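Here are some short exercises on surface patches and charge pairs, each with a worked solution. Have a look at the structure, try each task, and then compare notes.

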Amino acid sequence: MNQESLKSDDGHKSLINAIIVFGTYLRGKGIPVSPEHFNQAMRALTCIDLTDPQEFYIALRAILLDDPDQFRTFDEAFGSFWKWPSGGKEEIDILRPAGAVNRFITNRNNDRERRQKGSKGVEQLTKLSEPTMQDDVKGATVRSNSVLGHASELPPLQGKSLYSGKMVKTSSRLTGRPDLEKQAVIQRMVDKIVKQLALNAARRYKAANHGQRYDLRKTIRINLRYGGKIINLIKKKRKLRKPRIILICDVSRSMEPFSVFVLQMVYSFQSEPGRIESFIFSTMIKRTTPYFKCWNLHLALEKIAADFPYWSGGTRIGESLAQFNRDHSQSLINRRSVVVVVSDGLDTGDPQMISQAMERLALRSGTIIWLNPLLGTPGYEPRSKGMLAALPHIDFMAPVRDVSTLQGLETILRKERLNTR
Amino acid sequence: MIEGVKRTIELMEAEQYIVDRTTATSVFLAVEMKKPLLVEGYAGVGKTEIAKVLAAALNTRLIRLQCYEGLDVATTIYEWNYPKQILRLTIENDSKRSEREKEELIFSESFLLKRPLLESITELKKSPVLLIDEIDRADEEFEAFLLELLSDFQVTIPELGTIHAKHRPYVILTSNRTRALSDALKRRCVYLWMDYPDFKKELKILKTRIPRLNAYLAQQIVEFMQVIRRLPLNKTPGAAETVEWATSLMLLHADHLDPDLIVDTLGYIVKEHDDLLQLSRQRVLSILTELSKLEAGEACDGTILEEVAGFVMQEKVK
């Protein structure tokens with residue numbers, strides 16, 4: 001295919017077909033390619049030199065992708081899909097892209113079969129009898145769909161473990177399974193908490209602005225009827241701003257009894273409007289925001305459990321927070337951010353690092369809230385080295401380990417007025 | 001390479017902007033297909049400059065909208081000049097004009113403050129370049145009405161009616177990737193990712209921007225910068241920092257790098273206290289030592305330097 005033959009109908013058609021297959025191939029690899037993209041790609045290809053592989057590559061990449069994280073996948077796909085002739089031939093072999101296409105089509109058909117079988121598989125899994133789960137597990141699943149579900153795409157189910165019913169193996173590192181009945185209650189609590197956090201931000205603005213601002217536009221409109229004399233002054237106040245909340249959760253061994261509850265809580269937070277991000281850590285930190293965007297809590301926890309293998313390891317709060325500061329704080333934290341750290345403060349790392357990392361974090365953020373599940377339990381005082389190191393930088397500490405303590409948190413937030421720095 | 005892309009490279013380099021093939025092709029495609037160009041990348045790699053250079057190359061006006069959270073219609077599209085209106089109303093107090101006439105008077109174009117987005121579609125002579133800088137700092141609501149504008153290029157002002165663009169602007173959006181942009185917006189754009197420059201590009205940038213810079217010093221500077229960028233710094237320096245640093249070194253009449261000189265001028269490349277601590281004199285000395293081993297053709301240790309070694313050697317061979 002060269003520039004000339006492109007102008008012919010056949011040439012055009014075969015190129016479009018090739019692009020569509022390539023785009024679908026990319027989609028199968030996790031890159032979202034829409035029908036609109038195909039159109040744009042064709043337009044772009046008519047502008048460039050088709051015999052120049054590099055130009056072809058750049059053009060396709062600029063149109064089909066929108067994230068550098070996709071580059072590697074794209075490069076591999078591109079390399080295996082498009083065949084370029086060697087020896088300076090003018091034409092590129094678009095009509096028969098590669099054996100890759102045939103393989104892809106075969107794989108796609110296999111995937112489809114597997115997925116059909118798989119959906120039954122998921123049902124089976126939720127029916128797996130566990131001593132702690134009640135018989136109305138099926139009912140709970142249905143309820144979870146209605147409570148949590150808005151139609152969004154199911155993340156691609158990966159890994160044989162899901163299909164063979166070995167899912168239990170990964171999630172058993174999380175002690176217990178998510179309690180879906182409680183999820184609705186948790187969600188309600190979290191709704192209120194987030195509203196409190198947002199209100200705190202708004203109140204701060206009001207208190208600082210002793211003068212009030214005037215809405216000039218409305219003022220003029222209203223006073224036109226008085227022929228130019230300004231009689232009514234219309235004021236305006238600041239809108240409630242959406243909170244920016246960052247949750248950083250300790251999921252190490254000592255936190256095991258609380259992990260599932262904490263993750264359910266995080267899931268609720270993530271469904272709130274505003275910029276909410278979540279992370280989990282034990283010896284290192286991982287961003288979990290994209291996982292919680294899933295409509296099904298089960299699946300979200302599955303994927304997290306599968307991708308984060310450090311559940312029952314030691315705890316390195318300092319190192320994890322330092323990693324967070326390095327990789328994410330610049331883009332995610334600003335003076336209005338509320339950072340919520342959920343941890344028992346029991347650390348096997350260096351307390352000095354905790355102190356340093358917390359200091360850095362405090363410098364950038366507006367408020368740091370520390371939720372300690374052990375707080376309030378008889379005999380516990382926050383005296384571990386880790387906790388002591390973090391204490392000076394914490395604005396507000398509260399217990400959280402179940403629904404009643406979550407309720408308590410909401411009550412406290414309502415009464416207290418968080419003094420942001 | 002198609003003529004268009006070649007021409008794009010020529011035009012941009014004529015404006016002192018060193019451009020690689022990917023950038024030139026993406027810019028060319030955006031202009032040719034009349035789509036907005038979304039440029040993402042770290043700070044200091046030259047995203048904003050693309051717009052300036054494009055405007056100069058096309059010999060047209062650059063209109064810039066700097067984004068921040070809370071942008072709204074009044075700050076981006078238009079606002080009525082309220083003080084002027086009030087003043088006029090007061091003057092007209094005793095005039096014989098009717099209420100209706102007064103209203104028409106104060107809601108006319110001379111009382112309209114045009115903000116960047118409106119300005120960009122009311123250019124009379126030719127299509128301007130509209131730079132929407134740091135769109136990731138604005139919020140989702142702004143993205144939504146920006147999208148509307150980008151599809152129709154028209155704006156409706158209740159008192160004046162609908163204003164259509166006589167010349168559609170070339171739109172360039174930049175983002176620092178501090179948050180994910182909406183899919184709808186990304187789909188509409190041609191996407192360009194700008195990474196930190198590689199050794200070859202950075203050297204070329206220095207040579208173009210500072211022609212009188214000592215060639216040996218330039219090479220040393222770029223080698224050093226390439227190593228620095230691979231360290232775990234809190235704020236990695238971009239190409240802009242390299243140019244500033246080189247200028248300062250030239251002003252100090254340096255013709256080669258030594259540890260004391262570097263430590264004294266670190267403030268040009270590293271802007272955070274913790275990063276400064278990381279680049280102690282000791283560290284700087286060891287980096288320089290390794291780099292000089294590289295130049296002498298000896299083996300050097302450290303994985304960072306091995307990486308740097310690879311392409312430095314390639315360049316030297318050329």
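**Exercise 1.** Decide whether E99(B) is buried, partly exposed or exposed.

*Solution.* Start with the cut-offs: buried means under 20% relative accessible area, exposed over 50%, and partly exposed in between (1.4 Å probe, protein chains only). E99(B) has a relative accessible area of 44%, so this residue is partly exposed. Next, place it: E99(B) belongs to helix α6 of chain B, residues 99-106. Helices here are DSSP runs (H or I, at least four residues), and strands are E runs of at least two, numbered from the N terminus. Finally, look around: E99(B), E101(B), E103(B) and E104(B) form a negatively charged surface patch. Patch members have over 30% relative accessible area and no salt bridge, with like charges joined within 9 Å and nonpolar side chains (Val, Leu, Ile, Met, Phe, Trp, Tyr) within 5 Å.

Before going on, please keep in mind that this is a predicted model, where local features need pLDDT of at least 70 and side-chain atom pairs count only at pLDDT 80 or more, while totals for chains, interfaces and linings use all residues. Residues are numbered from 1 along each chain as its sequence is written, chains are lettered from A and ligands numbered from 1 in the order in which they are written, and side-chain values use heavy atoms, leaving out hydrogens and water.

**Exercise 2.** Find which parts of chain B are linked by the salt bridge between R61(B) and E119(B).

*Solution.* A salt bridge is a side-chain nitrogen of Lys or Arg within 4 Å of a carboxyl oxygen of Asp or Glu. For R61(B) and E119(B), the closest N and O atoms are 2.3 Å apart. The pair links distant parts of the chain, 58 residues apart: R61(B) sits in the loop between α3 (47-57) and β2 (62-66), and E119(B) in helix α7 (residues 116-121). As for accessibility, R61(B) is partly exposed at 38%, and E119(B) is partly exposed at 23%.

**Exercise 3.** Work out whether E202(B) and R229(B) are buried or exposed.

*Solution.* First, the pairing: E202(B) and R229(B) form a salt bridge whose closest N and O atoms are 2.7 Å apart. Then the location: E202(B) is in helix α10 (residues 199-209) and R229(B) in helix α11 (residues 215-229), 27 residues apart. Both residues turn out to be buried.

Terms used:
Accessible areas come from the Shrake-Rupley method with a 1.4 Å probe; for residues, only the protein chains shown count as cover. Lys and Arg count as positive and Asp and Glu as negative; His and the chain ends are not counted. The place of a charge is taken as NZ of Lys, CZ of Arg, CG of Asp or CD of Glu.
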